[in-house]
Amino acid sequence: MDRLDNTIRPYAWGSTTAIPQLLGVEPTGEPQAEMWMGAHPGAPSRTDRGTLVDVIAAAPEKELGAAAVAKFGHSLPFLLKILAAGAPLSLQVHPNLEQAKEGYEEEERRGVPVDAPHRNYKDANHKPELICALTEFDGLCGFRDPHQAADLLDGLGVDSLKPYVDLLRAHPEDAALREVLTAVLTADPEEMARTVADATAACARLGGAYAAYADLAHHYPGDPGVIAAMLLHHVRLQPGEALYLGAGIPHAYLNGLGVEIMANSDNVLRCGLTPKHVDVPELLRIVRFQPSDPGVLRPEASPDGEEVYETPIDEFRLSRYVLPEGGTTHDLTRATPQILLCTAGSVRTGEHELRPGQSVFVRAGEKAEVSGTGTLFRATVVA
């Protein structure tokens, strides 16, 4: 198996302390947002044999296994990350596989450069994802019931929000949510900035359920995404709890440290809380305008000690082992590729002793026994 040397991405919203604290190193003072583990061409993990992209390309069936290659092709279909949010990420949605293919082909046909700031589709893949909290973790996920959203907005006592309140109470659920989100994102920018300022002052005054939105406005003053965010559930995960985010579900991560896994894609359509491009017509095509429960996931334990986070897709499968002191050795050998990530304690696998934040790539079928005291996450595929 290969020990991985992973890239840390310095996005502006990243925490300056969470990843260094996990790794046991001194902070640099710069934001450290995500540590990528996998074979994404944007920041592939490095091994003694070369980048993981090169390793897999040299012998796809040997590294990934025949079943995974037959199902997903000659590349690792997932990307594993440690994510450390020190400030809110943009409010966003991801396309389904058909939408991603259509969008990518259309932008290719029109000759939109892949690195253009107004490009929506960087690839032809979907991007379902799962975030598992390592610390208390705050996020927004999925639409509230329109009547609940109306009550939340109405409670602010802001006159310019009354039309949105009336829309949410007067229409069928999907139409209500679509009309309000459209109205918020297409409103006159100066008028919306005043509305957001009034709503922010009310949120700060009222606190409680409004506190998270006051914090959003602190980071993104005047942004229409502050109002859009109030249409969504605010979720606080405890360590070990997770959220699965499928296609078309609006969401944003607000604060905390977690392990994230996703299909190997970079397709994001933004709804707000960002200075980046917001393509409203394309966004409205992708968003699923249905109220939904956030669906907090807790792992399901198997007799061998593996705790699995069940999801409805095959590109990734995330589980963890919480290894007690003096516990037994676990055989994790599997006919599919794996990345093993330690997040607490000290875990031995093969010749490698893993400390928090350290990881290895295990080729398909390679012997993988783990022991020690700590927490180990296991990322693989269903093939």
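Is H251 buried or exposed in this structure? H251 counts as buried, because its relative accessibility is 1% and the cut-off for buried is under 20%. Keep in mind that you're looking at a predicted model.

So what's around H251? Let's start with the record. In an unreviewed entry, UniProt lists Q92, H94, E129 and H251 under "binding site". These residues span 160 residues in sequence, yet no two of their C-alpha atoms are more than 12.4 Å apart, so they gather at one spot. Q92, H94, E129 and H251 also belong to the lining of the largest pocket.

Here's how two of them look side by side:

| Residue | Strand | Relative accessible area |
|---|---|---|
| Q92 | strand 7 (residues 91-93) | 10%, buried |
| H251 | strand 12 (residues 251-263) | 1%, buried |

Now for the neighbours. Leaving out residues up to four places away in sequence, H251 touches S90, L91, Q92, V93, H94, E129, L140, C141, L232 and L245. Notice that Q92, H94 and E129 from the UniProt list are among them. With H94, there's also a polar contact: the two side chains are joined at 3.4 Å.

Q92 has its own set of partners. Not counting neighbours within four places in sequence, Q92 is in contact with I249, P250, H251, V268, L269, R270 and C271. Closer along the chain, a polar atom of the Q92 side chain lies 3.1 Å from the backbone oxygen of S90. S90 turns up again in the list for H251, which touches S90 as well as Q92.

Notes. Residues numbered from 1 in each chain as written. Predicted model: local features only at pLDDT ≥ 70, side-chain atom pairs only at ≥ 80, totals over all residues. Heavy atoms only, no water. UniProt positions renumbered as here; feature names shortened; annotations may be inferred. 1 Å grid on protein atoms, 1.4 Å probe; cavity = no way out; pocket = protein on both sides within 12 Å on 5 of 7 lines; lining within 4 Å. Helix = DSSP H or I, 4+ residues; strand = E, 2+ residues; numbered from the N terminus. Buried < 20%, exposed > 50% of the residue type's maximum accessible area, 1.4 Å probe, protein only. Contact = heavy atoms within 4.5 Å. Polar contact = N/O pair within 3.5 Å; in protein donor to acceptor, adjacent residues only side chain to side chain.
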